[in-house]
Amino acid sequence: MRWLNTRTITPLLFMAPVLVFAIVFFFLPVGFSLYISFHKWDSLSPPEFYGFTNYVYLLSKDPQFYRTLVNTFVFAGGTIAIGIPLALVVAYSFSQSRFQTVWRSIYWLPMITNIVAVAFIWKFVLNDAYGMLNRGLALVGLPGPGWLTNPSLSMFSVIMVFVWMQLGHNMLLVSAGLQSIDDTYYEAARIDGAHSGNIFWDITLPLLKPTILFLLITNFITGISYFALMMVLTEGGPAGSTNVTSLYMYNMAFSDLRLGRASAAAYILFALIFIVTLIQLRLFRRGGVEAHN
Amino acid sequence: MSLNSKVLLHSISAVALSAALAVPAIAQDTKTITIATHYNQENIEPILACYTEYEASHPGIKIESQQVSYADFLQTIVTSRVGGTSPDIYNIYSIWAPQLVKAQALAVPPADITDWIKANYAEGTVGAATIGGQVYGIPTELSVYQLVYNKKILAEAGFDHPPATWAELEEMGAAVVKKNDQGVITTAGFAFGPTVANAVHPFYALMYANGTPPFNADYTATNLTSPTAIKVLTDMVELYQKGITSVGNEVGQFVAGGSAMAIMANWQEGGLKAAITDDFDNTVGVAPIPHDAGTPGGTMLYSFLWAVDSTSDVQPEAWELLKWLNTPAADGTLSCTGAMLNGMGALTGSTADTAAMGDSLTDAFSTPYVEAVASGLALTQPNNLQEAQIERILRTYIEQAWAGTLTPTDALTAADAEIQAVLEE
């Protein structure tokens, strides 16, 4: 029992709470969901082995699943395409401002607001006939579109609300990135005659690559797995236009009691997230991950 | 210590010891029946009083009430069964029953209870509680769809009666439409959506009214590509194309005068009365669902039912309690369940409670709903194994037709293909 000495046991004992937590709340659920993805299980009766049937059904017989995947990638892509540049602009503007802390606090507020409250407020703002946005457009003689009721516009509206919610979070990360850039680079550039545009494009942006990579990956993963806003704001409608895969899985599991198939959908989604994340890492590898670490 | 004191002390000790020994014995004899419902505190008050009365008259029975929101109810059943803490009695939506029966989660009632249900409840409601020919519970709240219209809005446009046919509905609807400066409809002639219930249930109700059920008798195929189904959806879509309604107009806006007509269930009476406090009877009217000449008319109903969990260790006591809760104490009086439903303005499948509700069912709002049930024209919502999933699929395609992204025929053909795949599983 030479291995059973203080040097071996003590670290394990210190790590035990974390290990137990990880086993109970991560490894067991992940393993169990993989197990039931190969079973037919309604959670009320014993699982019945189903082989790859759940995966085959989703990939070959369920057009709704593909539609929700498209919606999911549109949502995740939209939040990144609009949210990250916006966070860059806002954070850069605030870095030049005298009241940075005040601005950051204001922009952080949506992050700590309850999602149900956020959804209800935006429902009022985006209402077709009486919403604040359409009433504002009416004042300048513009038509009032159905922001949440027109299937062609509803996803855009949901993306914009999510971008508004996430802006403070993204902005803070970019601000931290901006503050980590050594001022001597800017001084040297100014001495060499660079104007503010050159400084932003040639110094700030390249040096923010690690932060941008981090934002890209975390925003992508958040966007892919997010559904709370759609659940409260649009319930996936109209016409399924905001029904994302996570919401589809949620209904599949807890409304239809198809927990095996919902788990299979989760693993397909995981595989897609994994592939896209690898691509992102590869694209930003140079000056990205290594620099961030 | 004197002798008397010693005797007294010994006596007290003996009594205390006896009491201490007796407590576990009594506790062991007490049976707890847990009942889960989705009703809120105000709705459930009458039945909570009945629980107390039952406990008093049945020593050894303790009743625990669990109130769970409707949205979380099925999940609660699932989670509690996984955790081994299932309630003994549930008040469930009829479309959940097939899944629960398939999973053997519902207990089969004793034969005498089944006979009692069949003898004392309207046929349509017994049908909603029947899966594969077996009755699984006691019908409770009954919801029926009818046309609800705003009398004042129609009167302003010169109409003093509700539409009887779809052509009349279109004519009346077109006459009452109001738009704001942006061209957005502020008062629609009609409204559908945006929930599953407000999209699919009106569609089902219109199919029944026009003589074709949404599914065949054994739920192995849909009738969604039938001429009736395509006609019904085409009629709906015409309301959008003619500007009588829009995707921005919803059933919920009826209460504020946002729409002149909608297909709504009777349980919405309470909400409408709470909002339209002034001159309700002269504002809100109810009529049978408009249908084409030569078709039978009718609508859809759905029901909730009391059911007992198959793992309950107090099943006989649970069924006895349920029968007591659903039996009037005397002729002409309401049962406990009936009193609760009457307070909510809801309908019941119980023939005794329906008779006892009397005046509350003969007012102008309730009469068309009651008549639909009594006439047998209100038919049961399909009891498919995956009805919730099927309705979500159908909603998506119905909404696509409303929005004009698919034609009614294409929408229903696509819906039929997807739903058929679900039925064949």
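A salt bridge here is a side-chain nitrogen of Lys or Arg within 4 Å of a carboxyl oxygen of Asp or Glu. Keep that cut-off at hand for the first stop in this predicted model.

**Stop 1: one salt bridge.** Select A:R135 and B:D181 and show their side chains. The two meet in a salt bridge, with N to O at 3.0 Å. Between chain B and chain A the count is five salt bridges. Polar contacts across this interface, with both residues at pLDDT 80 or more, come to 15 residue pairs.

**Stop 2: the chain B side of the interface.** Colour chain B by secondary structure and look at the side that touches chain A. Five elements of chain B each supply at least two residues to that side: α3 (73-82), α4 (97-102), β8 (185-187), α16 (387-403) and α17 (408-424). Of these, α16(B) gives the most, with ten residues. Recolour by residue class, and the side of chain B that touches chain A divides into 14 nonpolar, eleven polar and nine charged residues.

**Stop 3: the whole interface.** Now select both partners. On chain B, 34 residues are in contact with 37 residues of chain A. The area buried between the two chains is about 2,900 Å², and carbon and sulfur atoms give 47% of it. Pick out B:Q182, B:R392 and B:E425: these supply 20% of the area that chain B buries against chain A, more than any other three residues.

**Stop 4: the largest cavity.** How many cavities of 30 Å³ or more does a search of the whole structure find? There are two. The largest has a volume of about 70 Å³. To find it, select A:Y57, A:K61, A:D62, A:P63, A:Q64, A:Y248, A:M252 and A:R261 from chain A, then add B:Q389, B:I393, B:E418 and B:V422 from chain B. Residues of both chains therefore appear in its lining, where a lining residue has an atom within 4 Å of a cavity point. Helices α3 (63-95) and α12 (245-254) of chain A, along with α16 and α17 of chain B, each supply at least two of the lining residues. By class, the lining has six nonpolar, two polar and four charged residues.

**Stop 5: the second largest cavity.** Move to chain B and select B:W166, B:L206, B:N210, B:V232, B:D235, B:P290, B:H291 and B:D292, which line the second largest cavity. About 30 Å³ of space lies there. The lining of this second cavity consists of four nonpolar, two polar and two charged residues.

Technical notes: Residues numbered from 1 in each chain as written. Chains lettered and ligands numbered in written order. Heavy atoms only, no water. Contact = heavy atoms within 4.5 Å. Buried area = accessible area lost by both parts, 1.4 Å probe. Polar contact = N/O pair within 3.5 Å; in protein donor to acceptor, adjacent residues only side chain to side chain. Helix = DSSP H or I, 4+ residues; strand = E, 2+ residues; numbered from the N terminus. Nonpolar A, V, L, I, M, F, W, Y, C, P; charged D, E, K, R; others polar. 1 Å grid on protein atoms, 1.4 Å probe; cavity = no way out; pocket = protein on both sides within 12 Å on 5 of 7 lines; lining within 4 Å. Points joined across faces, edges and corners; volume = space filled by probe spheres on them.
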